[in-house]
Amino acid sequence: MKKCPKCGCQSFNVTAHVTQDWVVDEYGNFLRCEDDCVEVTHRPDDEDVWNCANCGYSASGKEFNIH
Ligand SMILES: [Zn+2]
C-alpha cells in the first residue's frame, strides 16, 4: 500500500511495461496493433519512479510505502 509522503494522495503516475501484438509489413514496419496489452511484463514496483498525481512529488516507489 502506498501513499504520497507530502500530501497523502493515493493516486500515482507510473510507467508499466506491457507487450503488444503488432501487424507488420514485409520489412517489419508497424502497420497496426492487434492486441495492445497482451501481457504485463513489469508492474511498477519500489525500484520504479512514482509520481504523485496530486502534488507531483516524484521518488522511487519505496518512498511512498506506508509503514
Ligand atoms: Zn502528493
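Two strands are taken to pair if DSSP finds at least two bridges between them. In this predicted model, an open sheet of 3 strands follows the order β1-β4-β5, with antiparallel pairing. Strands β1 and β5 (58–60) stand at the edges, and each has a single partner strand, so one side of each is left without a neighbour in the sheet. The β1 and β4 pair is antiparallel and runs over 2 bridges. Within this part of the sheet, Asn13 stands opposite Asn51 in β4.

A zinc ion is coordinated by the SG atoms of Cys4, Cys7, Cys52 and Cys55, at 2.3 Å. The site is tetrahedral, with angles of 105 to 117 degrees among the 4 donor atoms. Ideal tetrahedral geometry has angles of 109.5 degrees. The donor residues follow the spacing C-x2-C-x44-C-x2-C in sequence. Cys7 lies in the segment before β1 (12–13), while Cys52 belongs to strand β4 (residues 49–52), so the pair ties together parts that are 45 residues apart in sequence. The two residues also have their own accessibility classes. Cys7 is partly exposed, at a relative accessible area of 35%. Cys52 is buried, at 3% relative accessibility.

The largest nonpolar core has 7 residues: Cys4, Cys9, Phe12, Trp50, Cys52, Ala59 and Phe64. Zinc donors Cys4 and Cys52 are thus listed among the core residues. Phe12, another core member, touches Lys2, Lys3, Cys4, Trp50, Asn51, Cys52, Ala53 and Phe64, not counting residues up to four places away in sequence.

Technical notes
Residues are numbered from 1 along each chain as its sequence is written. This is a predicted model: local features need pLDDT of at least 70, side-chain atom pairs count only at pLDDT 80 or more; totals for chains, interfaces and linings use all residues. Side-chain values use heavy atoms; hydrogens and water are left out. A nonpolar core is a set of buried Ala, Val, Leu, Ile, Met, Phe, Trp, Tyr and Cys residues joined through side-chain atoms within 4.5 Å. Buried means under 20% relative accessible area, exposed over 50%, partly exposed in between (1.4 Å probe, protein chains only). Contact means heavy atoms within 4.5 Å. Donors are N, O and S atoms within 2.8 Å of the metal (3.2 Å for Na, K and Ca); water is not among the atoms, so sites may look incomplete. Four donors count as tetrahedral if all angles lie between 85 and 135 degrees; four count as square planar and six as octahedral if opposite donors are over 155 degrees apart and all others between 65 and 115; anything else is irregular. Helices (H or I, at least four residues) and strands (E, at least two) are DSSP runs, numbered from the N terminus.
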